[in-house]
Amino acid sequence: MQFLFDCDCTQEMNKSTNIIAVNRNQIVRLYSRFLSLDKKGQGFLEREDLMNVPELAVNPLGDRIVDAFFTLAGDELESEKRLNFRQFVRVLAFFQPIDRSKKNSLNGRTDKLKFAFIMYDLNKNGYITREEFKVILNSMVGANITTDQLDKIADRTIEEADVDHDGRISFDEFCKAMEKTDIEEKMSIRFLN
Amino acid sequence: MILSLLYSIYYYSLLFIFSTTVLLIICRSGWGPIPRLLLSLLDKINGRKDVEEEAPILFDKKNLISEISEDGEGKDGEKMMAIGLSLMKNGIASIVRDDMMLGFRHPPSALALLKSKSNVLSKQILHYLGLLFRVTFLFPLRVLLMTFTLFFLTGTAVIVLIHPGLSRKTMLYFGVTFARLFNVSTGLILDFYNKEHRPKSSGLAMANHLTANDIMTIYSDCEEIGYTATGQSHGGFIYPLEAFGGKLTPTLWLDRACNKDRASFQKQVLDYASQPSTYPVLIFPEGFCSNNQTVLQFRKGLFGGDVPIYPLALKQLTRFGDSFWLEDTYLPYLLRCMISWALVIEITYLPEMRREENEASEVFAKRVQNAISSFLERPSSPYDGALKRPADRLLYAEKLKRAISRHFESQIDSSE
């Protein structure tokens, strides 16, 4: 049995209603997961609820992932503090494999890249700077690489993608740098069907 | 008057059920379908059913270190982006299903047995009446049965020590009867499926690990041949069970503390398992008890040989009682089991598996793990059970950072 999960997705360009078809069984299990994450039984999730997931706590980008999650749940200008179930599923739906038949689907390539971009853009000003790369890289490698080497890697990363040489990466430059990457494989998780 | 009448009814029914149960088991019989019928009656009264909606969502997931392992190609910027995406993918996947602690928590139904979750008065009354019945009737009954079981165990162990020439058949009878008596004292209701795949000769029998009592659970279905147990010396209550139980069936002992011995122990087990006259060795490759929500990563140690492997899948229905061993010590766990309604476990024998030529032991181990997990309709965990400990998780986090930094090492050297 299928039912359609209706959600409003206000994006800058596209104010349209997007619909994702989900299997009832999986929605029930997602709801069960939502409830088990909501340990205090508040009916919504806060950042620390997600940070308490053990596998996420071990992930070097755990806090960035949670931040991006809450940012995309609201509108991208101001991130949410609380996540209800609808918002929870909506963000997770971004990671569905891309459905090529639907043009305006939630899980298009751009939306997936948006999540990654927000993850790197620490101060949410729409640009990823050299400093922000250094912070991210540092959390990934810890003390295993010296500060000098870290600087070099961050410099090289910026150079490779910074087309207009303004010392920082915009969303367009980011998407361009990712052109060769197989986003479908890298950012899809098949759990809703 | 009424009170003494009630007391007599209580006392005599307790005695009756106790003695009938013991007699039935000693005569190789049982209560038949009656326990299951009582459980379905209980279901009707409570209006409850098994909650499969709480089962974890099934999808493939790699562990964090494997996830980033293929990201070491290309230029620095590409590498960093690729690793970032891999970490992101795993992060989102763990929000949907966390594989590190999935196997180690009580399902909500287990907690519901001790405290009523309902707001409805009638349901609450029913719950506490049930609790009263369990504590005042089922629990003393099981304590009686357990006491008898321990006497039986000691008695038969002594007989075995005095008469070393006892036939295999008699030893098997002792072992199976002890197992069945022990099972009934802990409130176990068992069903075995696909008996055509039950091991008939030597090899390695592998099962997922639910409880400390798994070996008695599995042993109770033996008919022609038993199992060889592998013992790890535990202290406390388990010690006599192991020491005496080890007399009733062949046992290979491993001291958990001796890590150096591990390789030689593995060789010993594999050699033993390849001899045709031995009982199949019963192994729990997960290494830890898990709660039946996932199958922990199998330790590859015993998968390198060429002996047949007999997988067993243990599944429990938790709404009557949860047999997952979460407590720190054995006695509180046993107590909790004895005051639940029943521990309902279904064991299915899966078809025999063998390592293919040139198949690596990790690959074969994963294959067997997947055979059991897909039968149980549960995720096959990419993590070892040791990660249930916070200290081990911290070590894993450091190991992950080292693995990531190794991707950048070659570039660093070449640029100096």
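The following exchange goes through some labels applied to a predicted model.

Modeller: This is a predicted model, in which local features need pLDDT of at least 70 and side-chain atom pairs count only at pLDDT 80 or more. Residues are numbered from 1 along each chain as its sequence is written, and side-chain values use heavy atoms.

Biologist: Why is Glu73(B) called exposed?

Modeller: Its relative accessible area is 65%. Exposed means over 50%, buried under 20% and partly exposed in between, with a 1.4 Å probe and protein chains only, so Glu73(B) counts as exposed. Glu73(B) lies in the loop between α3 (64-69) and α4 (76-96) of chain B.

Biologist: Why is Pro390(B) called exposed?

Modeller: Pro390(B) has a relative accessible area of 55%, and the cut-off is over 50%, so the label holds for Pro390(B). Pro390(B) belongs to helix α13 (residues 390-415) of chain B; helices are DSSP runs of H or I, at least four residues.

Biologist: What makes Tyr31(A) and Phe85(A) an aromatic pair, and why edge-to-face?

Modeller: Rings of Phe, Tyr and Trp (its six-membered ring) pair if their centres lie within 6.5 Å; planes under 30 degrees apart count as stacked, over 60 as edge-to-face and the rest as tilted. For Tyr31(A) and Phe85(A) the values are 4.9 Å centre to centre and 80 degrees between the planes, so both conditions are met. Tyr31(A) lies in helix α1 (residues 24-37) and Phe85(A) in helix α5 (residues 85-93) of chain A, so the pair ties together parts 54 residues apart in sequence.

Biologist: Is Phe85(A) buried or exposed?

Modeller: Phe85(A) is buried, because its relative accessible area is 16%, whereas Tyr31(A), at 40%, is partly exposed.

Key
Chains lettered and ligands numbered in written order. Helix = DSSP H or I, 4+ residues; strand = E, 2+ residues; numbered from the N terminus.
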